[in-house]
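Work through the exercises below with the coordinates open. Try each task before reading its solution.

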Amino acid sequence: MKHLYSILFCFPLFIFSQNDDLLNEIDSDPNAEVYASAAFKGLKIVNFESTKLVAKDDFTLIVSHRFGTLKNGIDSFFGLDDAFTRLNFVYGISDGLNIGLSRSSFLKTYEASLKYRLFRQVENGFPFTIVGFNAILINTALEKDNFPLLEFKDRLGYTAQILISRKVSSDLSLELAPTFFHDNLVSVNDQDNAQFALGFGGRYKLTKRWSINADYGLHLNRSSNSPFRNPLSIGFDLETGGHVFQLHFTNARGMNTNTFLGQTNGDWEDGDVFFGFNLSRTF
């Protein structure tokens with residue numbers, strides 16, 4: 001098959017090489033749209049989804065870790081003794097449509113997701129890339145001993161996001177993420193099941209392989225009695241061939257949208273911050 005592709009690719013080049021004027025005319029097509037590329041290198045900025053998608057027929061594995069709090073110091077080896085792990089498998093049905101399956105040890109959460117591109121940023125044209133993200137989650141950590149009336153539907157949560165990014169320059173990319181998420185069972189008595197948040201994120205390229213990333217989630221209808229806080233995360237991306245390695249500090253240990261937006265209990269001011277990383281590999 002590779003030989004066939006090579007023949008099909010080289011044959012028209014051989015023909016067109018006999019006519020420089022025609023080749024130049026094709027190369028300078030004034031109607032061709034040029035899309036902005038590589039606004040983000042990772043599928044996530046830090047916690048929030050980015051507008052990057054996996055290419056058609058590619059399979060990507062993302063391994064994420066969130067260690068324990070740094071404020072306990074050497075007693076927990078700065079959090080390395082207490083880790084949550086998430087395995088996320090993403091497949092590109094097409095260049096603009098991805099499906100994902102994941103399992104996180106935080107609340108023993110399973111997630112199925114769909115990510116799809118709606119619009120692309122065009123140079124001297126449409127100014128944004130817009131991507132939709134939807135997910136359904138199952139919290140398997142809930143126990144009947146604690147919730148005698150527990151039903152399967154109580155374990156479910158839902159996420160709907162619109163991710164709007166702009167590559168401002170070759171170095172700077174920004175994203176806005178209006179988010180709706182719903183948990184059928186909430187841990188705070190007067191917290192609405194339907195919750196709303198606004199995510200902000202960005203990436204600044206430092207070198208060819210390094211960038212600094214940050215994202216923040218503003219919860220819009222959190223209960224006044226809630227002990228939870230808005231998630232703030234700062235880190236670095238390192239691109240090494242087929243890997244993207246993300247190192248970061250965050251006050252959120254949950255790695256699914258519902259958990260880091262709805263159940264973040266770390267406090268930057270108190271030093272209650274967690275080190276973590278995302279490691280992605282495309283096959």
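The exercises go from the whole chain to a core and then to single residues. The model is predicted.

**Exercise 1. Describe the protein chain as a whole.**

Solution.
- Start with secondary structure. The protein chain has three helices and twelve strands.
- Next, take burial. Of its 283 residues, 40% count as buried.
- Then take the surface. The accessible surface is about 15,400 Å², and carbon and sulfur atoms hold 60% of that area.
- Finish with contact range. Take contacts between residues at least 6 apart in sequence: 56% of them join residues at least 24 apart.

**Exercise 2. Find the largest nonpolar core and say which elements build it.**

Solution.
- List the members. Twelve residues form this core: Phe48, Leu53, Val131, Phe133, Ala135, Leu163, Ala177, Phe181, Ala197, Ala252, Phe260 and Leu261.
- Assign the elements. Strand E5 (129–139), strand E7 (172–183) and helix H3 (257–262) each supply at least two core residues.
- Rank the contributions. E5 gives the most, with three residues.
- Set this against the general trend. In soluble globular proteins, nonpolar side chains tend to be buried together.
- Look around one member. Leaving out residues up to four places away in sequence, Phe133 touches Glu49, Glu111, Ser113, Leu114, Lys115, Tyr116, Thr159, Ala160, Gln161, Leu163 and Thr257. One of these contacts, Leu163, is itself listed in the core.

**Exercise 3. Is Asp272 buried or exposed? Identify its polar partner.**

Solution.
- Locate the residue. Asp272 sits in the loop between H3 and strand E12 (274–282).
- Apply the cut-off. Asp272 has a relative accessible area of 14%, and buried means under 20%. Asp272 is therefore buried.
- Check for polar contacts. The Asp272 side chain makes one with the side chain of Thr69, at 2.7 Å.
- Complete the neighborhood. Beyond four places in sequence, Asp272 touches Thr69, Lys71, Asn251, Asn265, Gly266 and Asp267.

**Exercise 4. Classify Phe196 and trace its contacts.**

Solution.
- Locate the residue. Phe196 lies in strand E8 (residues 194–205).
- Apply the cut-offs. The relative accessible area of Phe196 is 40%. Partly exposed runs between 20% and 50%, so Phe196 is partly exposed.
- List the contacts. Residues up to four places away in sequence are not counted. Phe196 then touches Thr179, Phe180, Phe181, Leu218, His219, Leu220 and Asn221.
- Link to Exercise 2. Phe181, among these contacts, belongs to the largest nonpolar core.
- Add a backbone distance. The C-alpha atoms of Phe196 and Arg222 are 8.5 Å apart, and the two residues are 26 residues apart along the chain.

How values were computed. Residues are numbered from 1 along each chain as its sequence is written. This is a predicted model: local features need pLDDT of at least 70, side-chain atom pairs count only at pLDDT 80 or more; totals for chains, interfaces and linings use all residues. Side-chain values use heavy atoms; hydrogens and water are left out. A nonpolar core is a set of buried Ala, Val, Leu, Ile, Met, Phe, Trp, Tyr and Cys residues joined through side-chain atoms within 4.5 Å. Buried means under 20% relative accessible area, exposed over 50%, partly exposed in between (1.4 Å probe, protein chains only). Helices (H or I, at least four residues) and strands (E, at least two) are DSSP runs, numbered from the N terminus. Contact means heavy atoms within 4.5 Å. Accessible areas come from the Shrake-Rupley method with a 1.4 Å probe; for residues, only the protein chains shown count as cover. A polar contact is a pair of N or O atoms within 3.5 Å; within protein, one must be able to donate a hydrogen and the other to accept it, and residues adjacent in sequence count only if both atoms are side-chain atoms.
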